[in-house]
Amino acid sequence: MKIRFLCMVAAVALLGACQSADETVVSGTSASDNIVTKAPAPTSAKSVSIVAGSQADFVSNVGDRVFFEYDVFGLTPEAKEQLIKWVAFMQKYPRNNLTIEGHADERGTREYNLALGERRANSIQNFLVSHGIASSRLRVISYGKERPDVIGSNESSWARNRRGVGVIQ
Amino acid sequence: MKFIFFKNLCFVAISGMFVMPVYAQVQIDINKPNIHPMPIAITRFINTTNQGNQTCKNVPDVISADLERSGLFKPIDSKAFIQTIESLQNQPNFPDWKVINAQALVNGQISSTQDGQIRVEFNLWDVFAENQMLKQSYTTTTNGCRRIAHIIADAIYTRITGETGYFDTQIIYVSETGSQLKRIKRLALMDQDGENHNFLTQPQELVLTPRFSPTAREVTYLSFFRNNPQVYLLHLNSGRRELLGNFPGMTFAPRFSPDGNKMTMSLAKNGNTNIYEMDLKTRNITRLTDNKWINTGPSYAPDGKKIVFESDRSGSQQLYVMNIDGSEQTRISFGSGRYATPVWSPRGDLIAFTKHKDREFFIGVMRSDGSGERLLAKGYLVEGPSWAPNGRVLAFCRQTKSPSSQSKLFSVDLTGFNEKQIITPLDGSDPAWSPLIP
């Protein structure tokens, strides 16, 4: 028992050690950190602070997200209209790459929602590619229901959380 | 009694002998909801260790808590005891225990061995038949007392119910804290009673869906490390972890095969999610499903010959069973609603699942052919059942509606009764119950 107990302690200690040594680089760099919040910047500061082609530019002047119906990954007409603007932005800034995040609302099992988020992000990717954006500039990632945009167990919150978000890289 | 002594072995059960199993009156039928738990008297253990009475003092309390939490036993308050434990050491005076309505009686002794270890001995008595049901002893270091207590609780549970116990086990789960918008999720490992709690991953790394290997010495899980959601394998003894495979998309929903030699996981790519199997020795990968739908949530049958999984190929999430090579994919769930996260029982007879119907979620079980569906728990959001190794109890996660949005772990009996929260320091989700600790 003693041996086994010590092994466990050592395992935990080692794990902690190796992560603090090798993996702290990821601290605070998850993609959701890169999502600029939806709150518009104060108008006075806007013109001076936004760099053309940046994520802030994309959020403020294009709109960084599209929404999906419940348990659906097909694009709505509104979403397609929005994605046309994404296409224009990507064409205007050909050096930019785009990460497409797929998200689901909380009313689904965790693993299914991961798959659903990937489907949604993939729908967006397909649309952009079909409108001439090179797939090499695009990357998809699903967060399932792990990163909601708003907290709320009601229709309006769920609708805002079922989304695809573009993050300029 | 025969004594075998292995000095370097972590645990040694010195002896175990059954006495009078034939017409013991003390029995619990575990297949029926247990409205009237069996009254059991668990006395303080006589302590003759050199270190004094503090050593392993809590052994009877741990046994008592385990048995009570099972819902099948009701430990009697020691204030009601008539016979002293000193006198009990010689022989129970059964009328003293009958009068307080104890059906079973547990006493024991904690002593020091010559080489400085601790020896714990216990007796289980059938009060009404007036005979000894069980007498066993174990040696350990002082650190091992809690575990000895769980092993004794398992022995008592087994002797009285006829089922394997599940108290000498651990639970790995995802500890949750912070805002729902950027939830901090860490792998955490604890004993099934919540003790010996340890975090295994760092707060900045989003992790989900841990599962134990059959030896409970490895864990597989999904990590968003470097924003790349992939399946990892963590070796608990060494702390080493490794990325499993080099897939061109997100891998998730990892599960070990019953022999621990293989794993299945899902790969999401181009809008499709399919199930793959990896040989852990050769790292060869076999594709088991191949369609444009979502196929995920795989779980091996305990004989390793079939896999149950969920797929939305019919238009909504339903459960399917296939052979280990991916052949004969057959739908088994036909009730109304959606079925997800199937988990094959360690006994092989049942499949537990999450059901989603009319804006409510349920934890349920069905036979492996899809018949005999029974719902055991429900809520705004309950999901992710995991079997205790005896196939009699399920752990799952329950999330409440916002604004509270609490996520807690619960256990429930296969009968649907005895739902209890599994206490964790913070919020929790994705519980996975270990096998009995080898």
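# Close-up views of the predicted complex

**Figure 1. Strand 27 of chain B runs antiparallel to strand 28 of chain B and is joined to it by five bridges.** The model is predicted: local features require a pLDDT of at least 70 and side-chain atom pairs count only at pLDDT 80 or more, whereas totals for chains, interfaces and linings use all residues. Residues are numbered from 1 along each chain as its sequence is written, while chains are lettered from A and ligands numbered from 1 in the order in which they are written. Strands (E, at least two residues) and helices (H or I, at least four residues) are DSSP runs numbered from the N terminus, and two strands count as paired if DSSP finds at least two bridges between them. Within this pair, Glu383(B) faces Cys397(B) of strand 28. Five residues lie between the two strands of the hairpin, where Gly391(B) adopts a positive phi near 70°. Seven of the seven residues of strand 27 of chain B are buried, so this strand is largely enclosed by the rest of the structure. A residue is termed buried if 20 or more other C-beta atoms lie within 10 Å of its own, exposed if 12 or fewer do, and partly exposed in between, with C-beta atoms placed from the backbone.

**Figure 2. Strands 27-28-29-30 of chain B, in that order, make up an open antiparallel sheet of four strands.** Strand 27 (381-387) and strand 30 (420-422) of chain B are the edge strands, each pairing on one side only. On average, neighbouring strands of this sheet are turned by 35° against each other, direction ignored; axes are lines fitted to C-alpha atoms (for helices, over the stretch in contact), and angles run from 0 to 180 degrees between N-to-C directions. Strand 28 (residues 393-399) and strand 29 (residues 407-413) of chain B run antiparallel and share seven bridges. Here Cys397(B) is placed opposite Leu409(B) of strand 29.

**Figure 3. A further open sheet of four strands in chain B has the order 11-12-13-14 and antiparallel pairing.** Strand 11 (207-212) and strand 14 (241-243) of chain B have a single partner strand each, so one side of each of these edge strands lacks a neighbour in the sheet. The average turn between neighbouring strands of this sheet is 25°, direction ignored. Six bridges connect strand 12 (residues 218-223) with strand 13 (residues 230-235) of chain B, and the two run antiparallel. Thr220(B) is set opposite Leu233(B) of strand 13.

**Figure 4. Strand 20 of chain B pairs with strand 19 of chain B over four bridges and with strand 21 of chain B over six.** Both pairings are antiparallel. Five of the six residues of strand 20 (residues 306-311) of chain B are buried, so the strand is largely enclosed by the rest of the structure. Ser311(B) lies opposite Asn295(B) of strand 19 and also opposite Gln318(B) of strand 21. The hairpin of strands 19 and 20 of chain B has five residues between its strands, and Gly304(B) in the turn shows a positive phi of about 75°. In the hairpin of strands 20 and 21 of chain B, six residues separate the strands and Gly315(B) has a positive phi near 115°.

**Figure 5. Ile100(B) belongs to the loop between helix 3 (94-98) and strand 5 (104-112) of chain B.** Ile100(B) counts as partly exposed because it has 16 C-beta neighbours inside 10 Å. Apart from neighbours within four places in sequence, its contacts are Ala41(B), Ile76(B), Ala80(B), Phe81(B) and Ile82(B); a contact requires C-beta atoms, placed from the backbone, within 7 Å of each other. Asn31(B) is 69 residues from Ile100(B) along the chain, and their C-alpha atoms are 27 Å apart.

**Figure 6. Helix 6 (residues 110-130) of chain A has end C-alpha atoms 30 Å apart, which agrees with the 30 Å expected for its 21 residues at 1.5 Å a residue.** The expected span is 1.5 Å times one less than the number of residues. Of the 21 residues of this helix, 18 are buried, so helix 6 of chain A is largely enclosed by the rest of the structure. Gly132(A), just after the helix, has a positive phi of about 100°.

**Figure 7. Residues 1-46 of chain A have a pLDDT below 50, as do residues 1-24 of chain B.** The pLDDT is the predictor's confidence in each residue, from 0 to 100. Chain A has an average of 81, with 72% of its residues scoring at least 70; chain B has a mean of 92, with 92% of its residues at 70 or more. Where pLDDT is low, the predicted coordinates should not be read in detail. For the complex, the predictor gives an ipTM of 0.91 and a pTM of 0.87.

Notes. Contact = placed C-beta atoms within 7 Å.
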